[in-house]
Amino acid sequence: MNITSKQNTIIKSFKKPGNFIVIEGAKLTSEAVASGFVPQNALFTQKAKAVYPDLFKSLSAFVISDDLSEYISDTKTPQGVFVMFNRRETHIDFSGKKRLMLLDSVQDPGNVGAILRSCEAFGFDGAILSDDSADMYSPKVIRASAGSALRLPVQRGNIKNAINEIKKSGFKVYAAALDENAIPLNRLSTVNCQLSTVRQSSIAVVIGNEGKGVSKETLALCDNKLYIPIKGAESLNAAVAAGIICYELTVDSCRLTVVHI
């Protein structure tokens with residue numbers, strides 16, 4: 001079936017998906033299916049149908065014009081593949097977990113996506129997003145995460161409640177902060193493969209808002225503050241800081257230990 005009008009109810013639903021997820025592109029669509037997301041509707045241009053015939057058939061997609069593809073897409077160069085999925089609400093089981101990333105009002109979709117990508121790349125067990133952080137299932141977050149938002153366990157909700165919950169599960173919670181009283185990251189990660197405390201410890205790190213940092217209310221719940229020693233710049237981008245922290249605290253690296261403070 002071909003769809004040609006912007007007034008079509010399916011087209012309208014892709015423009016305003018509400019509680020559904022709209023994913024653009026064949027690769028991310030395949031990853032969403034492989035990750036267990038359930039497809040609802042799919043739209044392909046004629047060109048995309050010819051390039052991805054098996055995917056088109058498996059999704060029972062509608063055919064749309066290039067104009068409608070540009071109308072639906074939020075990218076400059078649409079790929080001509082749009083699929084609507086059911087959202088998936090995740091609640092992470094913290095028992096047995098070693099690394100978690102918490103985002104406190106991180107509102108830029110590019111930052112959230114990049115942070116989730118780093119979390120997956122360096123073996124973090126999941127991420128917790130505050131209610132006012134960017135939606136992990138927004139198109140921009142999914143693209144910026146290169147699909148990590150679809151694969152990594154991501155929980156959304158009240159960050160203060162989450163901190164209390166993970167602390168009950170044995171986590172030490174550190175807030176990334178520019179503070180002279182904070183612990184330098186290199187004191188949590190030292191070059192000594194003979195010690196393995198860091199791999200045995202459960203550590204969670206809170207990354208704060210791009211402009212304001214971690215809120216005072218959230219800071220009050222954390223065990224301590226953590227900072228990355230830098231010189232020549234006032235601060236680091238939230239995603240860059242999170243990536244460095246993920247790398248330094250990766251469980252798999254034999255070089256990491258933790259100093260008990």
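This section describes the fold, the confidence, the internal spaces and the cysteines of a predicted model.

The chain has 261 residues, of which 46% are buried. Its secondary structure consists of 13 helices and 12 strands. Taken along the principal axes, the box filled by the C-alpha atoms is roughly 65 × 35 × 35 Å. Of the contacts between residues at least 6 apart in sequence, 81% join residues at least 24 apart.

The mean pLDDT of the chain is 90, and a value of 70 or more is reached by 92% of the residues. Two stretches with pLDDT below 50 may be noted, residues 191-196 and residues 254-261. In the model, residues 191-196 have 9 contacts beyond four places in sequence, while residues 254-261 have 36 contacts beyond near neighbours in sequence. Where pLDDT is low, the predicted coordinates should not be read in detail.

Helix H2 spans residues 26-34, and its buried residues are Ala26, Leu28, Thr29, Glu31 and Ala32. An α-helix has 3.6 residues a turn, so residues three or four places apart point the same way. The cover over the buried residues of H2 includes strands S2 (20-24) and S5 (81-86), together with helices H4 (53-59), H7 (139-144) and H8 (148-151). After H2 comes Gly36, which has a positive phi, near 95°.

One residue of H2, Leu28, also takes part in the lining of the largest cavity. A search of the whole structure finds 1 cavity of 30 Å³ or more, and the space in the largest cavity is about 30 Å³. Along with Leu28, the lining comprises Val22, Ile23, Glu24, Pro139, Ile142 and Arg143. S2 and H7 are the elements that each give two or more residues to this lining. By class, the lining contains 5 nonpolar and 2 charged residues, with no polar ones.

S2 and H7 recur in the second largest pocket, where they and helix H1 (9-15) each supply two or more lining residues. The largest share comes from S2, with 4 residues. This pocket holds about 260 Å³ of space. Its lining numbers 18 residues, and those closest to the centre are Phe14, Pro17, Val22, Ser138 and Pro139. Val22 and Pro139 are also among the residues that line the largest cavity. The lining of the second largest pocket divides into 9 nonpolar, 3 polar and 6 charged residues.

The largest pocket has a volume of about 530 Å³. Among its 25 lining residues, Ala176, Ala177, Leu178, Gly213 and Leu236 lie nearest the centre. Strand S12 (224-227) and helix H13 (238-248) are the elements that contribute two or more residues to the lining. In the lining of the largest pocket, 14 residues are nonpolar, 7 are polar and 4 are charged.

No disulfides are present, the search of the whole structure giving a count of 0. For Cys222, which is in no disulfide, the nearest cysteine sulfur is that of Cys119, 16 Å away. Cys222 is buried, with a relative accessible area of 11%. The sulfur of Cys246 has its closest cysteine sulfur in Cys119 as well, at 4.0 Å, which is too far for a bond because a disulfide requires the two sulfur atoms to be within 2.5 Å. Cys246 is buried, and its relative accessible area is 0%.

Technical notes:
Residues are numbered from 1 along each chain as its sequence is written. This is a predicted model: local features need pLDDT of at least 70, side-chain atom pairs count only at pLDDT 80 or more; totals for chains, interfaces and linings use all residues. Side-chain values use heavy atoms; hydrogens and water are left out. Buried means under 20% relative accessible area, exposed over 50%, partly exposed in between (1.4 Å probe, protein chains only). Contact means heavy atoms within 4.5 Å. pLDDT is the predictor's confidence in each residue, from 0 to 100. On a 1 Å grid over the protein atoms alone, a cavity is a set of points where a 1.4 Å probe fits but cannot get out, and a pocket is an open set with protein on both sides within 12 Å along at least five of seven lines; lining residues have an atom within 4 Å of a point. Grid points are joined across faces, edges and corners, and a volume is the space filled by probe spheres set on the points. Ala, Val, Leu, Ile, Met, Phe, Trp, Tyr, Cys and Pro count as nonpolar, Asp, Glu, Lys and Arg as charged, and the others, Gly among them, as polar.
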